[in-house]
Every structure is written in structure tokens, then in C-alpha cells.
Amino acid sequence: MEINLKVGFIGLGNMGAPMALNLAKGGNAVFGFDTDSSIKIPEITMTPCIPSLLKKVDVVFTMLPSGLIVKDIVNEFIGEFSAKSTLIDCSTIDVKTTKELCKILHKNDIFMLDAPVSGGVKGANSGSLTFMVGGNNELFERFKFLFDYMGNRAVYCGKTGSGQSAKICNNMILGVTMIATCESF
């Protein structure tokens with residue numbers, strides 16, 4: 001069942017900005033935050049800080065460059081999340097950090113899905129990303145419609161960390177294919 005949610009989006013770079021924009025185009029109220037305060041997206045309500053964003057939303061997406069940054073945000077702002085809220089991390093980070101974050105969040109009654117993407121900036125702009133999702137299956141089913149605004153496919157991969165594991169495999173296949181292509185030339 002699709003419902004319009006108040007969605008937070010932390011990390012509005014080359015991938016995050018078009019993803020957040022596609023969520024807004026889907027009729028969701030989207031609140032954004034990025035360390036680059038010059039980013040302005042008319043369809044997204046920009047917030048001055050992460051705590052301000054977390055107080056306004058039902059679910060928050062992160063699209064950040066490293067696991068360390070995601071971990072820092074969770075550790076610093078854990079008390080600002082609403083109880084029973086959900087973090088959906090679309091960053092490509094390591095499995096160990098993902099599992100650690102999930103444990104920290106669950107201890108504080110916050111849910112998490114790891115949902116790294118494939119498709120690059122072009123896919124983010126066109127809304128044709130593929131999401132590889134790990135975590136609780138019921139939670140995945142509850143928020144699957146949000147992935148549909150941003151992509152063509154959301155694949156449930158299994159327990160927490162499984163989305164990141166699938167993304168690592170995807171990247172290895174891409175790397176091997178690129179090496180083989182280069183060698184053939």
C-alpha cells in the first residue's frame with residue numbers, strides 16, 4: 001500500500017540529489033540535508049542540521065561516501081531519531097559497519113535497511129536504479145514503494161548486511177568485466 005510519507009534525505013550529492021528529487025516527485029514530503037549548504041532543490045525542504053531533519057520525518061535515507069560518515073551520523077544523532085523510525089542507508093559501505101549500525105539502532109528502537117544501489121548518476125537521474133536490500137523482509141515490503149520512485153528494481157537479498165554483500169559482488173563482477181574488456185582490446 002502506497003502512502004505519502006515525510007522522508008528525510010542526508011547526502012544530496014550527485015546520486016542523493018536526484019534520488020531525493022524522485023521521492024518528492026512521487027508525492028512525498030522530502031526534507032534534505034547536506035554539508036554543502038549551497039545546495040538548493042526547490043522540491044525539497046532543506047534543513048539547517050541533521051537533528052532538525054530527523055524531528056520531521058518518518059523515514060530517513062542516507063547516501064554518503066563512506067561507512068565512517070554514516071557511522072558518525074548514527075552515533076552523534078542517535079538520540080534525535082524518533083522511536084520506531086527507519087534508516088535506509090543507500091551508501092556503498094562495508095558489511096561489518098552495516099551490521100554494527102543495525103545493532104546500535106535496534107538497541108534504540110530504530111529500524112534499518114541497507115540498500116546500496118547500482119546504476120550510477122545516470123540511473124539516479126532517470127529513476128532507474130537497482131537497490132540491493134538487506135534487513136527485515138517485512139520492513140522491506142513496507143517501504144518497497146519508496147524504492148519504486150527512485151528505481152526500476154528493489155531486490156530483497158536477506159538479513160542485515162546482505163544488500164552490501166550483493167553490492168560488493170556486483171562491483172567485483174563489474175571490475176572483472178572491465179579487466180577482460182581491456183585485455184581483449
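**Exercise 1. Determine how much space lies in the largest cavity of this predicted model, and describe its lining by residue and by class**.

Solution. In this predicted model, the largest cavity holds about 30 Å³ of space. Counting cavities of 30 Å³ or more, one finds that the structure holds one. The next step is to name the residues around the largest cavity, and these are Leu 54, Val 57, Val 59, Val 60, Phe 81, Ser 82, Ser 85 and Thr 86. Sorting this lining by class then gives five nonpolar and three polar residues, with no charged residue in the lining.

**Exercise 2. Find the volume of the largest pocket****, and state which residues lie nearest its centre**.

Solution. The volume of the largest pocket comes to about 260 Å³. Its lining is made up of 16 residues, and those that lie nearest the centre of the pocket are Gly 11, Asp 34, Met 63, Leu 64 and Pro 65. When the lining of the largest pocket is divided by class, ten residues are nonpolar, five are polar and one is charged.

**Exercise 3. Describe how helix 3 and helix 4 pack, beginning with the angle and the distance between their axes**.

Solution. Helix 3 spans residues 67–77 and helix 4 spans residues 95–107, and the two pack at an angle of about 10° with their axes 10 Å apart. Because angles under 35 degrees count as roughly parallel, helix 3 and helix 4 are therefore roughly parallel to each other. On the side of helix 3, the contact is made by Gly 67, Val 70, Lys 71, Val 74 and Asn 75, while helix 4 contributes Thr 97, Glu 100, Leu 101, Ile 104 and Leu 105. By class, the residues of this contact between helix 3 and helix 4 divide into five nonpolar, three polar and two charged.

Terms used. Residues numbered from 1 in each chain as written. Predicted model: local features only at pLDDT ≥ 70, side-chain atom pairs only at ≥ 80, totals over all residues. Heavy atoms only, no water. Axes fitted to C-alpha atoms, helices over the stretch in contact; angles between N-to-C directions. Helix = DSSP H or I, 4+ residues; strand = E, 2+ residues; numbered from the N terminus. Parallel < 35°, antiparallel > 145°, perpendicular 65-115°, else oblique. Contact = heavy atoms within 4.5 Å. Nonpolar A, V, L, I, M, F, W, Y, C, P; charged D, E, K, R; others polar. 1 Å grid on protein atoms, 1.4 Å probe; cavity = no way out; pocket = protein on both sides within 12 Å on 5 of 7 lines; lining within 4 Å. Points joined across faces, edges and corners; volume = space filled by probe spheres on them.
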